Amino acid sequence: MAEEKPIFDQVVEIVGSERGTVRKWIYAPKVTVIHEGDPQRDEINGIIEMVNARIPNFPGVGAIEFFDLDQYDRRLAGNTHFRMPRVDFDGVEGNIVRALFKGEEEAQNIVLTGSIFIFLTGLETGITLGALTQSTQSLSRQFAEGAQTKCYFHLMSKNDELRAGFIFINNEDARTPVAECLYEEFMQTLGLLNDSGGSSVFTFDNSGDVRANRAPDFRLLQALYDHDIAAGDSAEKVAQLYLGLDAAYQLTSAQTETAAVQDQ
């Protein structure tokens, strides 16, 4: 087995774009969940609450909207259009995506807006939505093949500022770990762009294993959204900041343990 990479290198790999820069949200993204079946409200709301509470400088999720596809009785292909990020749509500020579900008459049209879309659907619907949102080719192909890829995410950015995120989860396959998919893919749409294979520290290792301790994931986002980090900064800058946060955490933990022993 290959030796695990140093933490510094893992962080650089996870947060670095193909140009070695970091990408992040500079405004509060709106999350829109389009679902077939269980919307996983408690799971999604819980993850968002944790992120908003534990990442001090993250702009926070602006709003959450759920849309049940059972409300739409027309075929998606040919009747559904996603307009890619605009400065605003229908009074919603920020770079926003507009989804139009056309009705028989214009008055029956359904319009949704969002920054991060979570698609909790069956495989065929997920494939269609992936095509409509111009999803990543290699991942959408693996998803369509129904092999090991049960969920994936796709991001759009401009000048390293995140503009749109799309999460696809095949919830009709009993083998899909829906809760784990929601956590990992959502966290990655916040700017944790890649996996670091073989990591024993971070969830983002492309293994599908659940981490009992997710604190390092949140420290990683805390480093990314630090006031000293701007979109377009180097991934190495985030890694250095993460190491400082981690060292402070380890020191505090050690002091707490020592105090506990002394009190006994």
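The legends below describe three close-up views of a predicted model.

**View 1. An open sheet of 3 strands with antiparallel pairing.** The strand order in this sheet is 3-4-5. Strand 3 (80-86) and strand 5 (110-114) stand at the edges; each has a single partner strand, so one side of each is left without a neighbour in the sheet. On average, neighbouring strands of the sheet are turned by 15° against each other, direction ignored. Strand 3 and strand 4 (residues 96-101) run antiparallel and are joined by 5 bridges. R83 has R98, in strand 4, as its bridge partner. In general, strands of a sheet pair through backbone hydrogen bonds, either parallel or antiparallel.

**View 2. Surroundings of T125 in helix 3.** Helix 3 spans residues 123-132 and includes T125. The relative accessibility of T125 is 14%, so T125 counts as buried, the cut-off being under 20%. Leaving aside residues up to four places away in sequence, T125 touches E36, L69 and L76. With E36, the side chain of T125 also makes a side-chain polar contact of 3.0 Å.

**View 3. The largest pocket and its lining.** This pocket holds about 800 Å³ of space. Its lining consists of 28 residues, and L139, C151, E185, D195 and N206 lie nearest the centre of the pocket. At least two lining residues come from each of helix 4 (137-145), strand 7 (151-158) and helix 5 (178-189). Strand 7 supplies the largest share of the lining, 7 residues.

Technical notes: Residues are numbered from 1 along each chain as its sequence is written. This is a predicted model: local features need pLDDT of at least 70, side-chain atom pairs count only at pLDDT 80 or more; totals for chains, interfaces and linings use all residues. Side-chain values use heavy atoms; hydrogens and water are left out. Two strands pair if DSSP finds at least two bridges between them. Helices (H or I, at least four residues) and strands (E, at least two) are DSSP runs, numbered from the N terminus. Axes are lines fitted to C-alpha atoms, for helices over the stretch in contact, and angles run from 0 to 180 degrees between N-to-C directions. Buried means under 20% relative accessible area, exposed over 50%, partly exposed in between (1.4 Å probe, protein chains only). A polar contact is a pair of N or O atoms within 3.5 Å; within protein, one must be able to donate a hydrogen and the other to accept it, and residues adjacent in sequence count only if both atoms are side-chain atoms. Contact means heavy atoms within 4.5 Å. On a 1 Å grid over the protein atoms alone, a cavity is a set of points where a 1.4 Å probe fits but cannot get out, and a pocket is an open set with protein on both sides within 12 Å along at least five of seven lines; lining residues have an atom within 4 Å of a point. Grid points are joined across faces, edges and corners, and a volume is the space filled by probe spheres set on the points.
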